[in-house]
Amino acid sequence: MKDSFGREINYLRISLTDRCNLRCVYCMPMRGLTFVPNDDLLQPAEVEAIVRAAAEIGFYKIRLTGGEPTLRRDIVEIVERIKGVPGIREVAMTTNGYLMPKLAKPLAKAGLDRVNIHVDAINHEQLIKTMRLAKPARVWEAIEATEAAGLLPIKLNAVVTRGYNDTGLPALAALTLDHPWHMRFIELMPLGAPAGIALENYISTEETIKIIEAEFGPIFPLNGGELDGEARLYRLAGAKGTLGFISPVSNPYCGDCNRMRVTSDGKIRLCLLSDKEINFRDTLRGGWGHEDLVALFKRAVTHKPWGHKLEEGIHPELRTMSQIGG
Ligand code: SAM
């Protein structure tokens, strides 16, 4: 289905929980957050009902996120249910990977197609500073288990944060020399309580590229600089993998936006960086049927705003990234 700006909206990102086992500095405060009670989280049958409704109007790609989606004990069942919905072609997940050694194989068997693993640094100190409760060895175990389960290609996400991981960016880029991985560098976005950190420690893609080029020499765009999803791809000379740069702040891709989000407490979020939401869970629990859900999704697509207003100094304040699902 097309929105009012003619964009085909076909990609749904579903946050399964607002809880996380890490506390990344730009995403979740260490203390003071209250979490959605377990009973209020979307249950597997509800997630399936949402996906069925979305699929009916043309959504075909689903990403599970959070919080940390693997903290859901029913995560394998959720993947299996989504994968069984007619019209769904791809089910992916964004995770910090901590539980992948246990879950990678069952998830692959349930039909998960791919995962993005979040790793902000290789250097021990930088990793702890940025992803706070992280344990470095777990990152490599996660990647190994994910590869062994055939969940390919491996995409790694690093959020670029001045004073936290900026001097370690070349080391992350170097991972692509020997591995066929996609190392993606994401511009920091201001959301909710940790917005101050994002505003003070933001580094543009242009600067990130300069930091990497200072170590490796000039890098050149692939695909004529066209977007691949939300990333612009580059390759280090002779590398097996690619570098991706995601620039929602310096070079917004709102004109190519094809996505919508469902929050862990059952709201349709029309744009990541706008607080506009439509309540969904009460509709589901109010005994409404499939057709009502389809109508709600159509309304959501119709009301999707054009894009964000970061350049006007306006950022979403009501929720952290962990509550929306990044
Ligand atoms: N727990 C999982 C993880 O760590 O990837 C999934 C949820 S997390 C909210 C999803 C992604 O959001 C992370 O991989 C991180 O790259 C990104 N993220 C979180 N906060 C961000 C921010 N303020 N700006 C840009 N990206 C952010």
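**Salt bridges, cysteines and a ligand**

Mentor: Let us begin in helix α1 (residues 44–56), where R52 and E48 stand four residues apart and are therefore separated by about one helical turn. Please keep in mind throughout that this is a predicted model.

Trainee: What distance, N to O, is found where the side chains of R52 and E48 meet in a salt bridge?

Mentor: Side chains of opposite charge can pair when their charged atoms come close. R52 is partly exposed, with a relative accessible area of 32%, whereas E48 counts as buried at 14% relative accessibility. The side chains of R52 and E48 meet in a salt bridge, and the N to O distance is 2.9 Å.

Trainee: With which residue of helix α2 does E48 also pair?

Mentor: E48 forms a salt bridge in which the closest N and O atoms are 2.7 Å apart, and the partner is R81. E48 lies in helix α1 and its partner in helix α2 (residues 75–83), so the pair ties together parts that are 33 residues apart in sequence. The partner in helix α2 is partly exposed, with a relative accessible area of 28%, and its name is R81.

Trainee: Are E206 and K210, which meet in a salt bridge, buried or exposed?

Mentor: Both residues lie in helix α8 (residues 205–216), four residues apart, or about one turn of the helix, and their side chains meet at 3.7 Å, N to O. The relative accessible area is 57% for E206 and 52% for K210. Because buried means under 20% and exposed means over 50%, E206 and K210 are both exposed.

Trainee: How many disulfides does the model have?

Mentor: A disulfide needs two cysteine sulfur atoms within 2.5 Å, yet the sulfur of C271 is 6.3 Å from the closest cysteine sulfur, in C254, which is too far for a bond. By this rule the number of disulfides is zero. C257 is likewise in no disulfide, since the nearest cysteine sulfur, that of C271, is 6.6 Å away, and the count stays at zero.

Trainee: What share of the area that the ligand exposes when taken alone does the protein bury?

Mentor: Among the polar atoms around the ligand, a side-chain atom of E68 lies 2.8 Å from a ligand nitrogen, and a backbone atom of M189 is 2.9 Å from a ligand nitrogen. Taken alone, the ligand exposes 530 Å², and the share of this that the protein buries is 96%.

How values were computed. Residues numbered from 1 in each chain as written. Predicted model: local features only at pLDDT ≥ 70, side-chain atom pairs only at ≥ 80, totals over all residues. Heavy atoms only, no water. Polar contact = N/O pair within 3.5 Å; in protein donor to acceptor, adjacent residues only side chain to side chain. Areas by Shrake-Rupley, 256 points an atom, 1.4 Å probe, with all protein chains shown as cover. Salt bridge = Lys/Arg side-chain N within 4 Å of Asp/Glu carboxyl O. Helix = DSSP H or I, 4+ residues; strand = E, 2+ residues; numbered from the N terminus. Buried < 20%, exposed > 50% of the residue type's maximum accessible area, 1.4 Å probe, protein only.
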